[in-house]
Amino acid sequence: MADTVDIRTNLGKWELDNPVIPASGTFGFGQEFKDLYDLNVLGSISIKGTTRQPRIGNPLPRIAETPMGMINSVGLQNPGIDSVISHELPELFRVFKKPIIANISGFSVNEYADLAMAFDKVPQVGIIEVNVSCPNVHNGGMAYGVCPESAAVVTSAVKSVTKKPVYVKLSPNVTDIVEIAKACENAGADGISMINTLMGMRIDIRTGKPIIANKIGGFSGPAIFPVALRMVYQVTEACKIPVIGMGGITTAEDTIEMMMAGASAVQVGAANLVNPWACRDIIEGLPAACEKIGITNLKEIIGIAHQ
């Protein structure tokens, strides 16, 4: 019987009712989804990426569709850390009672540390997720996450100011993601979130111009799932800390496959923008999908592809 399948999982010492988490940037602060279903069915929520100051984001248009995904260049639009802590999180707590994942984006090492210090004081925050895909303003605009040394410096700075678990969200737009993951692990990261979006673009053939005002954006959706799966497998082969896997997950079967590759939990991103009930549907479908292939406990399948 599907109701005998145990779909709980762990991120370190934190046990989740299930492994499904809406990914940062695709679920806002939960308010757009709260009237569609009970958000408490979710394992957790990774809130919209937060910066020190409010950001209005990139110029329009910001979204371009592809046959198996989408390209976005939103530009970290958010109300800033003060508003998130004083307004967005209390509003979210009214409808979601579990710990959340606070995603932070900084443009300097000090900014990352300041954001982590602020979220460290918020009991509602269970994990701080550090997005190292932001431009390093002290290094010509290169993202922190493309260089092991830079990723390690950010990780160490955040770890020094918070007692909460720190998960570093890695970009796939690198030569060797394993090297960067290991640098974060050695710098004290408690876990890894991966992968962030690939880079892509679309051109309007009627005008000959890029569809997105920023020309290039982050490519996500089902098309990137095999890439994400491969990278999660490689990092969990090399590192001992937990990994939250993401990138093109749309079904319960994708969730199982990602956990078999080594992920302890998953985040669902672009699927939420196609089907607002995507996370709920995946959670509801997990027990039957597990039963169909003889799985009775999700924790027992984590990383079995490595055996």
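Which residue in β13 is the bridge partner of I71? Hi everyone, let me answer that straight away: I71 has F219 as its bridge partner in β13.

Before we go on, a word on the setup. This is a predicted model, where local features need pLDDT of at least 70 and side-chain atom pairs count only at pLDDT 80 or more, while totals for chains, interfaces and linings use all residues. Residues are numbered from 1 along each chain as its sequence is written, and side-chain values use heavy atoms, with hydrogens and water left out.

Back to the strands. Helices (H or I, at least four residues) and strands (E, at least two) are DSSP runs, numbered from the N terminus. Two strands pair if DSSP finds at least two bridges between them. Our pair from the opening, β5 (residues 69-72) and β13 (residues 217-220), is antiparallel and has three bridges. Both strands belong to an open sheet of four, in the order β4-β5-β13-β10, with antiparallel pairing. At the edges stand β4 (63-66) and β10 (198-200), and each has a single partner strand, so one side of each is left without a neighbour in the sheet. From one strand to the next, the twist averages 35 degrees; that comes from axes, which are lines fitted to C-alpha atoms, with angles that run from 0 to 180 degrees between N-to-C directions.

Now look at β4 and β5 together. They form a hairpin with two residues between them, and their antiparallel pairing runs over four bridges. I63 has N72 as its bridge partner in β5, and A64 stands opposite I71.

Next, please find β15 (265-268), which pairs in the parallel sense. One partner is β3 (residues 20-22), over three bridges, and another is β14 (residues 243-246), also over three bridges. V266 is a handy place to look: V20 stands opposite V266 from β3, and so does G245 from β14. A265 and Q267 point one way from β15, V266 and V268 point the other way, and all are buried. Buried here means under 20% relative accessible area, exposed means over 50%, and partly exposed is in between, with a 1.4 Å probe and protein chains only.

What sits in the loop between α6 (252-260) and β15? One residue there is S264, which counts as buried at 10% relative accessibility. Leaving aside residues up to four places away in sequence, S264 touches T9, N10, L11, P19, P242, V243, M259 and I302, where contact means heavy atoms within 4.5 Å.

On to the core. A nonpolar core is a set of buried Ala, Val, Leu, Ile, Met, Phe, Trp, Tyr and Cys residues joined through side-chain atoms within 4.5 Å. The largest one has 82 residues, and I47, F119, L170 and M194 touch the most other members. Helix α8 (residues 278-292) gives this core its largest share, seven residues. Apart from it lies another core, of 10 residues, including W14, I21, I127 and Y167. As for F119, its contacts beyond four places in sequence include I47, I81, V84, L89, I104 and K164.

Helix α3 (residues 148-159) is a nice one for checking geometry. The expected span is 1.5 Å times one less than the number of residues, and for the 12 residues of α3 that gives 16 Å; the end C-alpha atoms are 16 Å apart, which agrees. Its buried residues are P148, S150, A151, A152, V154, T155, A157 and V158. They pack against β6 (100-105), α2 (109-120), β7 (125-131), β8 (166-169) and α4.

Last topic: charges. The structure holds 10 salt bridges, each being a side-chain nitrogen of Lys or Arg within 4 Å of a carboxyl oxygen of Asp or Glu. K159, in α3, forms one with D190, with the closest N and O atoms 2.9 Å apart. That pair links distant parts of the chain, 31 residues apart, as D190 lies in the loop between α4 (177-186) and β9 (191-194). D190 is partly exposed at 28%, and K159 is partly exposed at 25%.

E91 and R94 form another salt bridge, at 3.1 Å between the closest N and O atoms. Here E91 is partly exposed at 24%, whereas R94 is exposed at 59%. Finally, R8 and D6 meet at 2.8 Å, N to O, and R8 is partly exposed at 36%. Both belong to a network of salt bridges that links D6, R8, E15 and K299. Thanks for listening!
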